[in-house]
Protein chains: 2
Amino acid sequence: MGERDEVLFANERFYRAFADADIREMNAVWADDRDDVSVVHPGAPAVAGRAGVLETWQAIFEGEQQVDIAFSDAVAYFHDDVAIVLCTETVMQHNLTATNIFCRTPHGWRMIHHHAGPCNVARRNRGQSRPVLH
Amino acid sequence: MGERDEVLFANERFYRAFADADIREMNAVWADDRDDVSVVHPGAPAVAGRAGVLETWQAIFEGEQQVDIAFSDAVAYFHDDVAIVLCTETVMQHNLTATNIFCRTPHGWRMIHHHAGPCNVARRNRGQSRPVLH
């Protein structure tokens with residue numbers, strides 16, 4: 001499996017853990033060889049530090065209803081041992097734009113940052129504006 | 001100047017170019033040794049590729065009114081030659097959370113990704129939830 005497939009697989013694993021509300025899997029998705037990980041949930045300020053990041057997921061998973069989340073249009077850009085994955089999230093028919101950052105660790109590609117925010121723009125110019133896979 | 005100061009200076013330069021609507025400076029802020037740069041403006045889908053990214057800034061700068069933007073609480077996390085800067089943006093008394101990613105290039109630290117989204121949460125738990133500078 002090439003590194004692009006590995007990173008896109010890690011991204012898919014992240015969304016599977018999210019959709020399944022599986023904190024054990026979510027824990028495994030995030031890098032455990034550093035504490036400098038961070039998350040920006042929609043509408044929220046940044047949370048940094050591994051324990052704090054995992055607490056946000058625990059709180060989401062313990063929420064009143066499971067989040068029905070899907071993703072599409074994932075593309076990965078590589079910068080040394082860091083990969084930036086951009087994709088569209090769909091939650092209850094609302095679109096969000098996500099930046100997911102992964103780092104190569106001794107245990108493979110692991111998430112070091114997630115930022116998702118609302119996407120309100122009709123994607124009429126989709127062919128032009130969506131990230132193009134090189 | 002240490003690398004943390006260098007990256008925070010690059011972040012400051014980005015916001016100065018933004019506030020000044022200075023497309024020449026904005027061009028200089030972004031990495032020019034690769035095309036894999038991308039941007040997610042508030043409420044928008046991702047735009048990738050250097051030309052496309054710069055076009056979004058040009059469109060913003062040509063907008064009806066100058067964007068009165070300020071930033072605060074910037075912290076930088078390093079992962080090899082990539083730095084993730086998290087900060088709060090303030091535009092017309094509204095807060096946004098920003099993820100700014102810089103890469104070490106032959107010409108210094110340059111931006112490779114910017115993602116900003118609305119921050120609606122009252123920062124009552126500011127001491128707890130803001131990224132902590134290590």
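# Reading the labels on this predicted two-chain model

Q: Why does the sulfur of Cys87(B) form no bond with the closest cysteine sulfur?
A: The closest cysteine sulfur, that of Cys119(B), is 12 Å from the sulfur of Cys87(B), which is too far for a bond. A disulfide needs two cysteine sulfur atoms within 2.5 Å. The structure holds zero disulfides over all chains, and Cys119(A) is in none, with the sulfur of Cys87(A) 12 Å away as its nearest. This is a predicted model, in which local features need pLDDT of at least 70 and side-chain atom pairs count only at pLDDT 80 or more, while totals for chains, interfaces and linings use all residues. Residues are numbered from 1 along each chain as its sequence is written, chains are lettered from A and ligands numbered from 1 in the order in which they are written, and side-chain values use heavy atoms, with hydrogens and water left out.

Q: What makes Cys87(B) count as buried?
A: Its relative accessible area is 4%. Buried means under 20%, exposed over 50%, and partly exposed in between (1.4 Å probe, protein chains only). Cys119(A), at 10% relative accessibility, also counts as buried.

Q: Why is Met26(B) called buried, and which residues does Met26(B) touch?
A: Met26(B) has a relative accessible area of 0%, so it is buried. It lies in helix H2 (residues 23-29) of chain B; helices (H or I, at least four residues) and strands (E, at least two) are DSSP runs, numbered from the N terminus. Contact means heavy atoms within 4.5 Å. Not counting residues up to four places away in sequence, Met26(B) touches Phe14(B), Ala17(B), Phe18(B), Leu54(B), Trp57(B) and Phe61(B).

Q: What makes the pair His113(A) and Ser38(A) a polar contact?
A: Their side chains meet at 2.8 Å. A polar contact is a pair of N or O atoms within 3.5 Å; within protein, one must be able to donate a hydrogen and the other to accept it, and residues adjacent in sequence count only if both atoms are side-chain atoms. His113(A) lies in strand E6 (residues 108-118) of chain A and is buried, with a relative accessible area of 0%. Its contacts beyond four places in sequence include Ile84(B), Leu86(B) and Thr99(B).

Q: Why is the pair Arg104(B) and Glu3(B) called a salt bridge?
A: The closest N and O atoms of the two are 2.9 Å apart. A salt bridge is a side-chain nitrogen of Lys or Arg within 4 Å of a carboxyl oxygen of Asp or Glu, so the pair qualifies. Arg104(B) lies in strand E5 of chain B and Glu3(B) in helix H1 (residues 3-20), so the pair ties together parts that are 101 residues apart in sequence. Arg104(B) is partly exposed at 36%, and Glu3(B) is partly exposed at 34%.

Q: How many salt bridges are there over all chains, and how many across the interface of chain B and chain A?
A: The whole structure has eight, whereas the rule finds zero across the interface. That interface has 14 residue pairs in polar contact (both at pLDDT 80 or more).

Q: What is meant by the area that chain B and chain A bury between them?
A: Buried area is the accessible area (1.4 Å probe) that two parts lose on being put together, summed over both. Here it is about 3,100 Å², 64% of it on carbon and sulfur atoms. In chain B, Asp36(B), Pro45(B) and His79(B) lose the most area to chain A, together 18% of what that side buries.
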